[in-house]
Amino acid sequence: FHVSYKLRRTHDFPTREETLEYIETVLDRSIDWLEGRKPNEMEKGVYWLAAQHEHMHTETLTMVRQTLGYSRPKFEERAVSPDPTFVRRDVEIPGGKYSLGALKNDAFVLDNERWAHEVEIQPFRIANTPVTNAEYLAFVEDGGYQTRRFWRKHGFEWRRREGATHPLFWRKSDDGWMQKNFGDEIPLEPNHPVVHVNWYEARAYCRWAGRRLPTEAEWELAASGPEKRTFPWGEDMAKPEHANLDWNHLGVVDV
């Protein structure tokens with residue numbers, strides 16, 4: 001908390017062994033504390049913050065491994081393949097007043113979610129699944145990256161500056177389209193959600209497809225419902241069949 005970002009690279013960091021020992025010590029003490037007494041609301045918030053903060057950095061480290069082409073991490077969950085027979089459809093979302101943001105009785109709240117405020121949302125339709133690789137590939141092969149009318153000014157300038165002609169980590173080979181997953185290059189999975197596209201690319205795809213990106217309020221309403229469920233499926237904690245956990249969609253498995 002007290003080290004300037006500019007000085008962090010020169011900080012006297014502990015060794016890897018010391019870091020792992022510290023993490024294990026803190027974890028053991030935390031578990032002993034939680035098992036020995038019932039935490040109050042303030043303590044619950046601290047523990048949730050610590051856990052979510054660690055998850056955030058774990059996700060960042062996983063993205064770094066993907067970016068640098070390191071070998072894939074090994075987690076406990078098995079990868080879940082999408083159902084190839086599933087048909088995407090639009091869901092009608094009625095408009096009305098919606099409470100955007102976190103409620104004050106929520107167990108854990110990040111500061112950028114504080115606090116809920118009422119917004120007015122017009123009726124809209126939204127797809128019940130993310131855009132797939134196959135759908136996005138149709139945009140790529142239709143010349144979507146080269147067609148100026150699909151891009152706003154800054155987006156097209158980014159595309160031209162970066163020389164982008166398809167999503168990051170995609171490559172067209174003699175055998176078809178491939179995708180780099182950590183240190184491996186595998187055939188592009190048509191039914192997986194498209195990933196590693198930025199806002200410019202997502203908006204250009206939407207203009208090509210005759211659609212648009214949802215607003216923050218629309219996205220939250222569609223995901224939580226007017227009753228503000230914790231998760232789109234309800235209150236049960238997430239499992240692999242509910243969501244993409246531990247980067248499973250990129251083949252991270254327990255081996």
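**Entry 1: Lys228**

I started with Lys228, which counts as partly exposed at 22% relative accessibility. I am working from a predicted model. I placed Lys228 in the segment after helix H6, which covers 216-224. I then read its backbone: phi is positive, about 60 degrees, although Lys228 is not a glycine.

**Entry 2: Glu220**

Lys228 led me back into helix H6, where Glu220 is found. Is Glu220 buried or exposed? I find Glu220 buried, with a relative accessible area of 17%. The cut-off for buried is under 20%.

I listed what touches Glu220, leaving aside neighbours within four places in sequence. The contacts are Tyr98, Ser99, Leu100, Gly101, Glu113, Gly225 and Lys228. I note that strand E2 runs over 96-100.

**Entry 3: the chain as a whole**

I stepped back for an overview. I count six helices and seven strands in the chain. Read along the sequence, the order is α-α-β-β-β-β-α-α-β-β-β-α-α. The C-alpha trace spans about 60 × 50 × 40 Å along its principal axes.

How much of the chain is buried? Buried residues make up 25% of the 255 residues. I took the accessible surface next: about 18,500 Å², with 55% of it belonging to carbon and sulfur atoms.

For contacts, I looked at residues at least 6 apart in sequence. Of those contacts, 67% join residues at least 24 apart.

I also looked up the charges. There are 35 positive and 42 negative charges, and their mean positions are 8 Å apart.

**Entry 4: strands E1 and E4**

I took strand E4, residues 124-127, and checked where its side chains point. They alternate. Phe124 and Ile126 point to one face and are buried. Arg125 and Ala127 point to the other face and are not buried. In a regular strand the side chains alternate between the two faces of the sheet.

Which strand did I find paired with E4? Strand E1, residues 90-93, pairs with E4 in the antiparallel sense over four bridges. I marked one position in this pair: Val91 stands opposite Ile126.

**Entry 5: the loop between E2 and E3**

I checked the peptide bond between Arg114 and Trp115. That bond is cis, with omega about -15 degrees. I find Trp115 in the loop between strand E2 and strand E3, the latter covering 117-121.

**Entry 6: helix H3**

Which residues of helix H3, residues 133-141, are buried? I list Asn133, Tyr136, Leu137, Phe139 and Val140. Looking down the axis of H3, I see these buried residues within an arc of 155 degrees, so they line one face of the helix.

I then looked for what covers them. The cover includes strand E5 (170-173), strand E6 (176-181) and helix H5 (199-209). Just after H3, I noted Gly143, which takes a positive phi of about 80 degrees.

**Entry 7: Gly155 in H4**

I moved on to helix H4, residues 153-162, and found Gly155 within it. Gly155 is buried, with a relative accessible area of 3%. What is the C-alpha separation of Gly155 and Tyr200? I get 4.9 Å, for two residues 45 apart along the chain.

**Entry 8: the E5-E6 hairpin**

I returned to E5 and E6. They pair in the antiparallel sense over four bridges. A hairpin joins E5 to E6 through two residues. The bridge partner of Ser173 is Gly176 in E6.

Asp174 lies in the loop between E5 and E6. Is Asp174 buried or exposed? I find Asp174 exposed, at 85% relative accessibility. The cut-off for exposed is over 50%.

I checked Asp174 against Thr129, which is 45 residues away in sequence. Their C-alpha atoms are 30 Å apart in space. I set that beside the entry above: Gly155 and Tyr200 are also 45 residues apart along the chain.

**Entry 9: His196**

I closed with His196, in the loop between strand E7 (184-187) and H5. Phi of His196 is near 60 degrees, a positive value in a residue other than glycine. I find His196 partly exposed, with a relative accessible area of 25%. I noted Lys228 again here: its phi is positive at about 60 degrees, and Lys228 also counts as partly exposed.

How values were computed. Residues numbered from 1 in each chain as written. Predicted model: local features only at pLDDT ≥ 70, side-chain atom pairs only at ≥ 80, totals over all residues. Heavy atoms only, no water. Buried < 20%, exposed > 50% of the residue type's maximum accessible area, 1.4 Å probe, protein only. Contact = heavy atoms within 4.5 Å. Areas by Shrake-Rupley, 256 points an atom, 1.4 Å probe, with all protein chains shown as cover. Lys, Arg positive; Asp, Glu negative; His and termini not counted. Charge placed at Lys NZ, Arg CZ, Asp CG, Glu CD. Pairing = 2+ DSSP bridges. Arc of directions from axis to C-beta.
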